[in-house]
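This report looks at how one sheet is built and at what packs around it.

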Amino acid sequence: MTELQTGDLLFVGSTTEQFSQMIAQSTQPKAQTINYTHVGILELADDGVFVLHASPELGSVRQPLNSFLAAQTGNVDLYRLKTSFDFNSVIFKAKTLLGQPYNWSFIASEPGFYCSEFIETAFSVVKNPFNKIAMTFGPDDSILPEWQTYYAKLGLPVPNGEPGTNPNALISNQLERVVRLR
């Protein structure tokens, strides 16, 4: 197996679960064949190998790599930034985000974090390689009916076009896919 490094990003492929499918249908770029719906950052520490991420089930956590991998039903691909960063600062910032709830609204002003927002925020302490984009909730500027129902239950408008991010939007020419872990 490729040697793991602190700062590696783990992208989880879409699954057949409804929430994963809603994200996949809304965020997959046309040119990208792999569709990711979750992301975390790797930390190699004296006490083990961990993934720092925000998940619907756990909120913002530092989870042992083996537990993270066992919990995933989609493929897990390891990506590495081509440029060197101060990953210690990124991990330190990520650790300050731990314990926050999952941000079910995907709206930055709401409490907590969703997965790619967690990563983008962790990297905000360095020359951030990730940019916010206009969020989409359906193909070709549409809003999928599932998202309309989802936001109606939250009592919020669909934040279509609002600044945000998603796992697929983090994939860029600044990253290289290293290996499939699962």
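Which strands does helix H3 (residues 87-96) lie across? In this predicted model, H3 lies across S2, S3 (48-55), S4 and S5, and its direction runs at about 115° to S2. Helix H4 (residues 115-122) also packs on the sheet, where it touches S1, S2, S3 and S4, and its direction makes about 45° with that of S2.

The sheet itself is open and consists of six strands with antiparallel pairing, in the order S4-S3-S2-S1-S5-S8. Strands S4 (59-64) and S8 (175-180) stand at the edges with a single partner strand each, so one side of each is left without a neighbour in the sheet. On average, and with direction ignored, neighbouring strands are turned by 30° against each other.

Strand S1 (residues 9-13) is joined to S2 (residues 36-45) by five bridges and to S5 (residues 76-81) by four bridges, and it runs antiparallel to S2 and to S5. Residue pairs from these ladders are listed below.

| Residue in S1 | Opposite residue | Strand |
|---|---|---|
| Leu10 | Leu78 | S5 |
| Phe11 | Val39 | S2 |
| Gly13 | Tyr36 | S2 |

In a regular strand the side chains alternate between the two faces of the sheet. In S1 both faces are covered, with Leu9, Phe11 and Gly13 buried on one side and Leu10 and Val12 buried on the other. Five of the five residues of S1 are buried, so the strand is largely enclosed by the rest of the structure.

Helix H1 (residues 18-27) has the buried residues Ser20, Met22, Ile23, Ala24, Ser26 and Thr27, and the buried residues of H1 pack against S2, helix H5 (145-154) and helix H6 (167-170).

Terms used:
Residues numbered from 1 in each chain as written. Predicted model: local features only at pLDDT ≥ 70, side-chain atom pairs only at ≥ 80, totals over all residues. Heavy atoms only, no water. Buried < 20%, exposed > 50% of the residue type's maximum accessible area, 1.4 Å probe, protein only. Helix = DSSP H or I, 4+ residues; strand = E, 2+ residues; numbered from the N terminus. Pairing = 2+ DSSP bridges. Contact = heavy atoms within 4.5 Å. Axes fitted to C-alpha atoms, helices over the stretch in contact; angles between N-to-C directions.
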